[in-house]
Amino acid sequence: MFGSLSHLIRAAAISAILDGSERITKTALRDIRIDHNSESDSPPEPRKAAG
């Protein structure tokens with residue numbers, strides 16, 4: 001989850017710099033695509049043991 005949050009903040013910051021707004025807004029955060037598990041309403045499925 002921290003990786004997804006880090007990606008979201010980084011992408012929003014880059015977008016804010018490129019569009020000149022220099023602000024991270026809720027709208028900007030909602031518009032950024034992140035990984036599937038972070039965007040789904042259900043919790044991630046547990047990992048299966050190898051073997």
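**Glutamate 22**

I looked up glutamate 22 to begin with. I count glutamate 22 as exposed, because its relative accessibility is 67% and the cut-off for exposed is over 50%. I am reading a predicted model here. I placed glutamate 22 in the loop between α1 and α2. Then I checked its backbone. Phi of glutamate 22 is near 55°, a positive value in a residue other than glycine. I noted the general background: most residues other than glycine have a negative phi.

**Glycine 20**

I stayed with phi and went to the residue after the helix. Glycine 20 follows α1. Its phi is positive too, near 85°.

**The whole chain**

I stepped back for an overview. How many helices and strands does the protein have? I found three helices and zero strands. Along the sequence I read the pattern α-α-α. The protein has 51 residues, and 10% of them count as buried. I noted an accessible surface of about 4900 Å². Carbon and sulfur atoms hold 55% of that surface.

**Helix α1: length**

I took α1 next, which runs over residues 2-19. I compared its expected and actual span. The 18 residues of α1 should span 26 Å at 1.5 Å a residue. Its end C-alpha atoms are 26 Å apart, so the two values agree.

**Helix α1: two sides**

Which residues of α1 are buried? I listed Ser4, Leu8, Ala12 and Ala16. These four lie on the same side of α1, because they cover an arc of only 100° around the axis. I then turned to the other side of α1. There I found Phe2, Gly3, Arg10, Ile17 and Leu18, which are exposed.

**Serine 15**

I picked one more residue from α1, serine 15. Serine 15 is partly exposed, because its relative accessible area is 34% and that value falls between the cut-offs of 20% and 50%. I also looked at its distance to leucine 29. The two are 14 residues apart in sequence. From C-alpha to C-alpha, serine 15 and leucine 29 are 9.9 Å apart in space.

**Isoleucine 24 and a nonpolar patch**

I went back to the loop between α1 and α2, where isoleucine 24 lies. Isoleucine 24 counts as partly exposed, at 45% relative accessibility. Which residues make the nonpolar surface patch? I wrote down Phe2, Leu5, Ile9 and Ile24. Their patch comes to about 430 Å². Phe2 had come up before, among the exposed residues of α1.

**Isoleucine 32**

I finished with isoleucine 32. Where does isoleucine 32 lie? I found isoleucine 32 in the loop between α2 (26-31) and α3 (36-39). Is isoleucine 32 buried or exposed? I count isoleucine 32 as buried, because its relative accessibility is 16% and buried means under 20%. Last, I checked isoleucine 32 against isoleucine 9, a member of the patch. They are 23 residues apart along the chain. Their C-alpha atoms are separated by 9.5 Å.

Conventions: Residues numbered from 1 in each chain as written. Predicted model: local features only at pLDDT ≥ 70, side-chain atom pairs only at ≥ 80, totals over all residues. Heavy atoms only, no water. Helix = DSSP H or I, 4+ residues; strand = E, 2+ residues; numbered from the N terminus. Buried < 20%, exposed > 50% of the residue type's maximum accessible area, 1.4 Å probe, protein only. Patch = residues over 30% accessible without salt bridge, like charges linked within 9 Å, V, L, I, M, F, W, Y side chains within 5 Å. Areas by Shrake-Rupley, 256 points an atom, 1.4 Å probe, with all protein chains shown as cover. Salt bridge = Lys/Arg side-chain N within 4 Å of Asp/Glu carboxyl O. Expected span 1.5 Å × (residues − 1). Arc of directions from axis to C-beta.
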